[in-house]
Amino acid sequence: MSAPLIVLVGPMGVGKSTVGQLLAGRLGAGYRDTDEDIVTAQGRAIAEIFVDEGEAAFRALEKEAVRSALAGHEGVLALGGGAILDADTRALLAGQRVVYLSMDVEEAVKRTGLNAARPLLAVNPRKQWRELMEARRHLYEEVATVVVATDGRTPEEVAEAALDAVDRQSARRGRLTPHCALRAGER
């Protein structure tokens, strides 16, 4: 069975897509985003799915998109912010190299203004973002093999920190990532 090199999790607006594309480039691997998979398959925006069918319908689509991507993608994979809410999805993440990209609310405000088309942040976005993080932080930490803070860092710095953290974690387990092997070959 194939598996992603790295799976990125974290809240909306943390930069999973940007960092994921940078990681994929550095690893010479493909990039995939399960939110993009859903939008492509459904032919409409996630916000529309929430409005038209509700959060439960979206979460069912998300669960299937994540299952499919974990089984068939060998590059860098970014999951939607709420994908970790599903217990089956969390179980599928066991044994994967999962990087939790974290940020605080002030950084979220800087990056997104908390006014983008985000259906779960429609009313009082700052308060809702805090509540979402209180409900989800422990789940991100549960599935993560490493945590990388993104606050005050450029996407390039986050990508490098993620690679370094995955390399250190993999070395402790006696497994080399393609990035480690590349570095080892350069010495």
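Trainee: What makes strand β1 a strand that is covered on both faces?

Mentor: In this predicted model, strand β1 spans residues 6-9, and its side chains point to two sides: Ile6 and Leu8 lie on one, Val7 and Val9 on the other, and all of them are buried. Buried here stands for a relative accessible area under 20%.

Trainee: How do you know that β1 pairs with strand β3, and in which sense?

Mentor: Two strands count as paired if at least two bridges are found between them, and β1 and β3 (residues 76-78) are joined over 3 bridges in the parallel sense. Within this pairing, Ile6 stands opposite Val76 of β3.

Trainee: What joins β1 to strand β4?

Mentor: Here too the count is 3 bridges, and β1 and β4 (residues 98-102) run parallel, with Leu8 standing opposite Val99 of β4.

Trainee: Why are β2 and β5 said to stand at the edges of the sheet?

Mentor: The sheet is open and has 5 strands in the order β2-β3-β1-β4-β5, with parallel pairing. Because β2 (31-33) and β5 (146-149) each have a single partner strand, one side of each is left without a neighbour in the sheet. Neighbouring strands of this sheet are turned against each other by 25° on average, with direction ignored.

Trainee: Which helices pack on the sheet, and which strands do they touch?

Mentor: One of them is helix α2 (residues 34-42), which touches β2 and β3 and whose direction makes about 65° with that of β2. Another is α4, which touches β1, β2 and β3 and makes about 165° with the direction of β2.

Trainee: Why are α3 and α4 called oblique to each other?

Mentor: Helix α3 (residues 46-53) packs against α4 at an angle of about 130°, with the two axes 7 Å apart. Angles over 145 degrees count as roughly antiparallel and those from 65 to 115 as roughly perpendicular, and the angle of about 130° fits neither description, so α3 and α4 are oblique. The contact is made by Ile46, Ile49, Phe50 and Glu53 on the side of α3, and by Glu55, Ala57, Phe58, Arg59 and Leu61 on the side of α4.

Trainee: Why is Arg59 called buried?

Mentor: Arg59, which has its place in helix α4 (residues 55-72), has a relative accessible area of 17%, and because the cut-off for buried is under 20%, Arg59 is buried.

Trainee: What makes the link between Arg59 and Glu62 a polar contact?

Mentor: The limit for such a pair of N or O atoms is 3.5 Å, and the side chains of Arg59 and Glu62 are joined at 2.8 Å. Arg59 and Asp86, by comparison, are 27 residues apart in sequence and 8.1 Å apart in space, taken from C-alpha to C-alpha.

Trainee: Is Gln96 buried or exposed, and how do you know?

Mentor: Gln96 lies in the loop between α5 (87-93) and β4, and its relative accessible area is 9%; since buried means under 20%, Gln96 is buried. Leaving aside neighbours within four places in sequence, Gln96 is in contact with Ala3, Pro4, Val7, Leu70 and Thr145.

Trainee: Where in the chain is confidence lowest, and where is it highest?

Mentor: The chain averages a pLDDT of 85, and 80% of the residues score at least 70. Confidence is lowest in helix α9 (residues 178-186), with a mean of 43, and highest in β3, at 98. Over residues 180-187 the pLDDT is below 50, and this stretch has 5 contacts in the model beyond near neighbours in sequence.

Terms used: Residues are numbered from 1 along each chain as its sequence is written. Side-chain values use heavy atoms; hydrogens and water are left out. Buried means under 20% relative accessible area, exposed over 50%, partly exposed in between (1.4 Å probe, protein chains only). Helices (H or I, at least four residues) and strands (E, at least two) are DSSP runs, numbered from the N terminus. A polar contact is a pair of N or O atoms within 3.5 Å; within protein, one must be able to donate a hydrogen and the other to accept it, and residues adjacent in sequence count only if both atoms are side-chain atoms. pLDDT is the predictor's confidence in each residue, from 0 to 100. Contact means heavy atoms within 4.5 Å. Axes are lines fitted to C-alpha atoms, for helices over the stretch in contact, and angles run from 0 to 180 degrees between N-to-C directions. Angles under 35 degrees count as roughly parallel, over 145 as roughly antiparallel, 65 to 115 as roughly perpendicular and the rest as oblique.
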